[in-house]
Amino acid sequence: MKVVKFGGSSLASGEQLKKVFQIVVSDPERKVVVVSAPGKRFSDDIKVTDLLIDCAEKYLAGENADKLFETIIERYASIAKELKISLKVVETISNDLQALLNGDKSKPERYLDAIKASGEDNNAKLIAAYFQHCGITAQYVSPKEAGLIVSDEPGNAQVLPESYENLYKLRERDGIIVFPGFFGYNKSGEVLTFSRSGSDITGSILANGVKADLYENFTDVDAVYSVNPTIVQNPKEISELTYREMRELSYAGFSVFHDEALIPAFRAGIPVNVKNTNNPSAPGTRIVNERANTNGPVIGIASDKGFCSIYISKYLMNREIGFGRKLLQILEDFGLTYEHIPSGIDDVTVILRQNQMDDVIEEAITKRIMEELHADEVIIEHNLVLIMVVGEGMRHNVGTTARAAKALANAGVNIEMINQGSSEVSMMFGVKEPQEKHAVRALYNEFFVAVPV
Ligand SMILES: Nc1ncnc2c1ncn2[C@@H]1O[C@H](COP(=O)(O)OP(=O)(O)O)[C@@H](O)[C@H]1O
Ligand SMILES: N[C@@H](CC(=O)OP(=O)(O)O)C(=O)O
């Protein structure tokens, strides 16, 4: 049995849905189909999820959102018209969304999650109707009915272990199951979404739950490329990579597959195959436990914006018991999560996602670190990009860091921070935002284009 997930780009129009149908029926093993909300039809288009967020925020602010509502319903209606299916399903979608928008707003985060989730939920209903219209046995299955239970964290839910046993029962159903991605229900029956792009996570959870032989993730590119194709033109395709490599690359910007979507499939030993809806005969990229071929130390280079660093120096920091704990306690008091902590003898840098910070928080943190930890210096820097150079081959290869650092130096890129050693399969460089593309291209050139020395 295979679980197949289609991303928003594969479901953006009726024409795309016809391809999806052909892909599903061409292989009888494709029994569970996980779907996102309609995505972008062209580069300046707006994803339905983004329209829904905008609409919900207008409702919360008491502003008029009639135009947005119409735009959302029109997305579903145009798909239904293109596919020549009954417009009754669109009427149901319209009524459901209106009821949700008029619902309880006393907990805005939960309200927002319910509206966001409706994008996938309604699309799954529409797609099940289309599959039935095409004459196959297909049914929409709600995550509630299937028992996909998640933690109580709006916009960032995590699957709870009991879900897997519940989902195993889906194996007994006849025909194709069309399952909405991106959300589950907490124990009290409230809707909660995963983080953005989280339909990949649903697919992986279902693959684990039904003990699938393969989790196929259909998107709009032929493969996972060794570098973001919007930064380097026609980059090298990756045919096979490990869960570990993919986890690190997707964490650091390979948006083609959600970083949290690896774990459920990995735990059940289910391989993942990233494929192209627009070119389904291409083999795509396989994500597996171990890979055989190691063509050089590096398999991919990823980069992600939006980080800041807190640099703290204090003479004899290395001898002070509890310094790290007290520092992290201060961050915890502000409800902040951190990403990395590279350190020296008398200095430590904490890297955080910048969107958690503002001027007031930064000032308060600096004050507490200076006063409570008696630091000599505290400097907060913004607009950092983290570049991750990843490859299992780095475990055995000497000199990869030197090659990377030299390539960056030759390209005139100033390295703000290096973190190497904690992970055996990656090294990380911090650079300033304007140097991102330049730095990524220099590294790509070193490891994939130039002849290695
Ligand atoms: N290394 C990479 N390999 C392939 N695609 C990448 C990579 N990094 C970023 N991407 C982007 O990810 C996109 C696919 O992800 P996404 O837009 O979320 O698709 P979907 O709509 O199928 O969920 C590609 O179109 C590409 O622009
Ligand atoms: N629609 C949701 C979830 C998702 O996975 O979407 P996509 O498959 O288009 O990345 C989002 O935009 O976040």
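How far is a polar side-chain atom of Thr219 from an oxygen atom of ligand 1? The gap is 2.8 Å. Keep in mind that this is a predicted model. Below is a quick tour of the ligand's surroundings, the nonpolar cores and three residues worth finding on screen.

**Around ligand 1**

- Start with the neighbours: 17 residues surround ligand 1, and the ones that come nearest are Ser9, Thr219, Asp220, Tyr225 and Phe254.
- Asp220 joins in with its side chain, where an N or O atom sits 2.8 Å from an oxygen atom of ligand 1.
- Tyr225 uses its backbone instead: a polar atom there is 2.9 Å from a nitrogen atom of the ligand.
- Taken on its own, ligand 1 has 570 Å² of accessible area, and the protein covers 83% of that.
- Two strands each provide at least two residues of the shell, namely E7 (214–219) and E8 (224–225).
- Sorted by class, the shell is made up of nine nonpolar, six polar and two charged residues.

**The nonpolar cores**

- As a rule of thumb, nonpolar side chains in soluble globular proteins tend to be buried together.
- Here, the largest nonpolar core has 50 residues, and the members that touch the most others are Val3, Leu170, Phe179, Phe257 and Ile287.
- Apart from that one, there's another core with 47 residues, including Val20, Ile23, Val24 and Tyr130.
- Zoom in on Val3 and, skipping residues up to four places away in sequence, you'll find that it touches Val32, Val34, Gly203, Leu206, Ala207, Val210, Ala212, Leu214, Tyr215 and Glu216.

**A residue inside a strand: Ser309**

- Look for Ser309 in strand E13, which spans residues 300–313.
- Ser309 counts as buried because its relative accessible area is 8%, under the 20% cut-off.
- Beyond its neighbours within four places in sequence, Ser309 is in contact with Thr349, Val350, Ile351, Ile379, Ile380, Glu381 and Leu384.

**Two loop residues with positive phi**

- Phe182 isn't a glycine, yet its phi is positive, near 85°.
- You'll spot Phe182 in the loop between strands E4 (176–180) and E5 (183–185).
- Is Phe182 buried or exposed? With a relative accessibility of 3%, Phe182 is buried.
- Asn234, also not a glycine, has a positive phi of about 45°.
- The loop holding Asn234 runs between E8 and strand E9 (237–238).
- Asn234 is exposed, so expect a high value here: its relative accessible area is 73%, over the 50% cut-off.

Note on methods
Residues are numbered from 1 along each chain as its sequence is written. Chains are lettered from A and ligands numbered from 1 in the order in which they are written. This is a predicted model: local features need pLDDT of at least 70, side-chain atom pairs count only at pLDDT 80 or more; totals for chains, interfaces and linings use all residues. Side-chain values use heavy atoms; hydrogens and water are left out. A nonpolar core is a set of buried Ala, Val, Leu, Ile, Met, Phe, Trp, Tyr and Cys residues joined through side-chain atoms within 4.5 Å. Buried means under 20% relative accessible area, exposed over 50%, partly exposed in between (1.4 Å probe, protein chains only). Contact means heavy atoms within 4.5 Å. A residue is near a molecule or strand if one of its heavy atoms lies within 4 Å of it. A polar contact is a pair of N or O atoms within 3.5 Å; within protein, one must be able to donate a hydrogen and the other to accept it, and residues adjacent in sequence count only if both atoms are side-chain atoms. Accessible areas come from the Shrake-Rupley method with a 1.4 Å probe; for residues, only the protein chains shown count as cover. Helices (H or I, at least four residues) and strands (E, at least two) are DSSP runs, numbered from the N terminus. Ala, Val, Leu, Ile, Met, Phe, Trp, Tyr, Cys and Pro count as nonpolar, Asp, Glu, Lys and Arg as charged, and the others, Gly among them, as polar.
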